[in-house]
Amino acid sequence: MPRRLSPSRRGRQALTLHPDVTEKRLRLQSLLRQYAELLEEYEDWREHRAKNLQARYHSLFGQQEFHLYLLQVECLRLRRKIALYQAAMNHGEMPRPQEVEKILNQEFASYQEELKRRWEQLRQDEALLRSPCLTREESEEFRSLYRRLVKCLHPDLHPELAEKTADLWNRIQEAYRNADLSALRLLADTVELFLENQEVLPPLPLEELETKIQKQEEKLQTLQESFQALRTRPPFTYQELLEDQEKCQERQQQLEEMIQKQRQYREELKSRLSTFPSP
């Protein structure tokens, strides 16, 4: 069962509040609850669903797309090499391969970094697909526990605690990203102890409540817009493709045809390069 996470209310005296203050407090509590629930769903989409969709996509098309990009970079480099050789010939000079390679290495450094990034991403996605998954019950506990931690400790909801709990919140985020239920359970106990030792703040005055409500409404709207935008970007745009086996086969065939064209183009470039005189 998910742990209860609620700060202690020991020592709080019964207070009689003005009806307007009570109404504003209820409104603020409602906004905080909506924000926490939406934030948990947003994080689930961004951290878990996105990674799973991307991993599934790469399991079908990753190797081909990487190979295609590798060929495209190689062709770009050959084209640039031909241009440098031709420039030397236009100046009545013999091409200097070592100098040309030095220039190419500098100009194509970012492409090499992108190749490394893509290859590492493929490896991570393969590892994700092989990793053990939480059971349905564990997944429900995991999400419920994280939702409660968000309500209790998220910096947007509790800026007054942000400085004290920065390290703790970072550890919670790491456990969430890694889907580490055991770590999240331990962190929940830590958070509960922390909240038990916090002083209970007095009720906010009406003006301050109104200010907080306005800011929270703005935060909620911003989060809603971010969530909507998230759903329209990859890897969520892959969902329809991944659910259609015929379309997947068409995409694989399309990639294979593009790879063959790049291979032919590479051979044409190599042939053009061979026409330059050797130094």
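In this predicted model, Ala179 lies in the loop that joins α5 to α6 (181-196). The phi of Ala179 is near 55°, a positive value in a residue other than glycine. Most residues other than glycine have a negative phi, and most peptide bonds are trans. Ala179 has a relative accessible area of 30%; because this value falls between the limits of 20% for buried and 50% for exposed, the residue is classed as partly exposed.

Ala179 follows helix α5, to which the description now turns. The helix has 12 residues, which at 1.5 Å a residue should span 16 Å; its end C-alpha atoms are 17 Å apart, and the two values therefore agree. Within α5, the residues Leu168, Trp169, Ile172, Gln173, Ala175 and Tyr176 are buried. They cover an arc of only 160° around the axis, so they lie on the same side of α5. The partners against which these buried residues pack are α1, α4 (136-153) and α6.

Two packed helices are described by the angle between their axes and the distance between the axes. For α1 (residues 19-90) and α5 (residues 166-177), the axes come within 10 Å and cross at roughly 45°. The crossing angle therefore makes α1 oblique to α5. On the α1 side, Glu40, Glu43, Asp44, Glu47, His48 and Lys51 make the contact, while α5 contributes Gln173, Tyr176 and Arg177. Sorted by class, this contact comprises 6 charged, 2 polar and 1 nonpolar residues.

A further backbone feature concerns Pro235, located in the loop between α7 (206-231) and α8 (239-242). The peptide bond from Pro234 to Pro235 is cis, and its omega is near 5°.

Conventions
Residues are numbered from 1 along each chain as its sequence is written. This is a predicted model: local features need pLDDT of at least 70, side-chain atom pairs count only at pLDDT 80 or more; totals for chains, interfaces and linings use all residues. Side-chain values use heavy atoms; hydrogens and water are left out. Axes are lines fitted to C-alpha atoms, for helices over the stretch in contact, and angles run from 0 to 180 degrees between N-to-C directions. Helices (H or I, at least four residues) and strands (E, at least two) are DSSP runs, numbered from the N terminus. Angles under 35 degrees count as roughly parallel, over 145 as roughly antiparallel, 65 to 115 as roughly perpendicular and the rest as oblique. Contact means heavy atoms within 4.5 Å. Ala, Val, Leu, Ile, Met, Phe, Trp, Tyr, Cys and Pro count as nonpolar, Asp, Glu, Lys and Arg as charged, and the others, Gly among them, as polar. Buried means under 20% relative accessible area, exposed over 50%, partly exposed in between (1.4 Å probe, protein chains only). The expected span of a helix is 1.5 Å times one less than its number of residues. The arc is that of the directions from the helix axis to the C-beta atoms.
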